[in-house]
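Me: Could you take a close look at one part of this model with me? I would like a connected walk through the metal site.

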Amino acid sequence: MLSAKSLFQEILDNDESFRLFCSIAASGESQGGWENARIAALVPESERALAPKITRHGADEDKHGRIFNALLKKRGLEPVEVPPDTDYTMLLERHGIGLAHDKLKADRPLTVRDVITYLAHSRVTEQRAAEQMAMLVKYFADHPDLGRAVRMISADEDNHLAYSHEELLRFAAAGHGPYIRRTLRECAHAEIRVHRDVSLAVMARMGRLLGWSRARSALLAAGIHAMYAAERAAGWRRMVTLRTPERRDALGGPATAAPEIA
Ligand SMILES: [Fe+2]
Ligand SMILES: [Fe+2]
């Protein structure tokens, strides 16, 4: 049977595929952590109040990176190098989505538009992260090794998504609506393509590690293309709407620690 659950189960059960999965996840999370830490450091004077939330956002992503590394260690595995075609965060940056790393590495303060660009990028990518973690929680909330980790990361990604909605709405109310809408659209369209390409690359590698038949690999690739077609037609719209989140000020206060999660 080919379900998302059985697919993930197979990936988790094999050391090599588990190693690739956790390595890719850890690397993406740590990159997100680094980006947010730089953005927090470069926030313009007028947006200083946002800095602690951006710092918290980065600290959460760093924590997620450490959790995935700890899951590897617990199983006695070392992380592997992340193949470039599976590097979601880097590919988005290459496509000019979010803030360029050159800008983050420089020591010039960001502009208000840069901050909005960061929030729009977060709105779109945190939607993806929240949905993927919700799927893992649905299947593996009670998993002896992964359960706590996926529940904690999922709750954090929901907070990140709520925060990006709330802050973008604040900027929209301050007159930045047209720029926000344009940026969200661009970001969503690029994200669904990058997500498709990364999914194809990850599944091709998993297929080789797990010895999948040609037919099975072809079926999975077809599924990824079908999902892209649906997102291209209408699904992207879910990534660009803004509504006041149920949970307000989701990133107010310090990051919660990850006590011996793995
Ligand atoms: Fe994360
Ligand atoms: Fe996140």
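Are Glu-61 and Glu-157 buried or exposed?

Reply: Happy to! Keep in mind that this is a predicted model. Glu-61 is buried, and Glu-157 is buried too. Both residues appear among the protein donors of the iron ion (ligand 2), so let's begin there. That ion takes OE atoms from Glu-61, Glu-126 (listed twice) and Glu-157, plus ND1 of His-160, with distances of 2.0 to 2.4 Å. Along the chain, these donors follow the spacing E-x64-E-x30-E-x2-H. Glu-61 sits in helix α3 (residues 51-74) and Glu-157 in helix α7 (residues 147-210), so this pair ties together parts that are 96 residues apart in sequence.

Now for the iron ion (ligand 1). Its protein donors are OE atoms of Glu-29, Glu-61 and Glu-157, together with ND1 of His-64, at 2.0 to 2.3 Å. The spacing here reads E-x31-E-x2-H-x92-E. For your geometry checks, the four donor atoms subtend angles of 83 to 139°, which makes the arrangement irregular; a tetrahedral label would need all angles between 85 and 135 degrees.

What connects the two ions? Glu-61 coordinates both, and the iron ions (ligand 1 and ligand 2) are 3.6 Å apart. Distant parts of the chain are linked at this site as well: Glu-29 belongs to helix α2 (residues 15-42) and Glu-61 to helix α3, 32 residues apart. Like Glu-61, Glu-29 is buried.

Conventions:
Residues are numbered from 1 along each chain as its sequence is written. Chains are lettered from A and ligands numbered from 1 in the order in which they are written. This is a predicted model: local features need pLDDT of at least 70, side-chain atom pairs count only at pLDDT 80 or more; totals for chains, interfaces and linings use all residues. Side-chain values use heavy atoms; hydrogens and water are left out. Donors are N, O and S atoms within 2.8 Å of the metal (3.2 Å for Na, K and Ca); water is not among the atoms, so sites may look incomplete. Helices (H or I, at least four residues) and strands (E, at least two) are DSSP runs, numbered from the N terminus. Buried means under 20% relative accessible area, exposed over 50%, partly exposed in between (1.4 Å probe, protein chains only). Four donors count as tetrahedral if all angles lie between 85 and 135 degrees; four count as square planar and six as octahedral if opposite donors are over 155 degrees apart and all others between 65 and 115; anything else is irregular.
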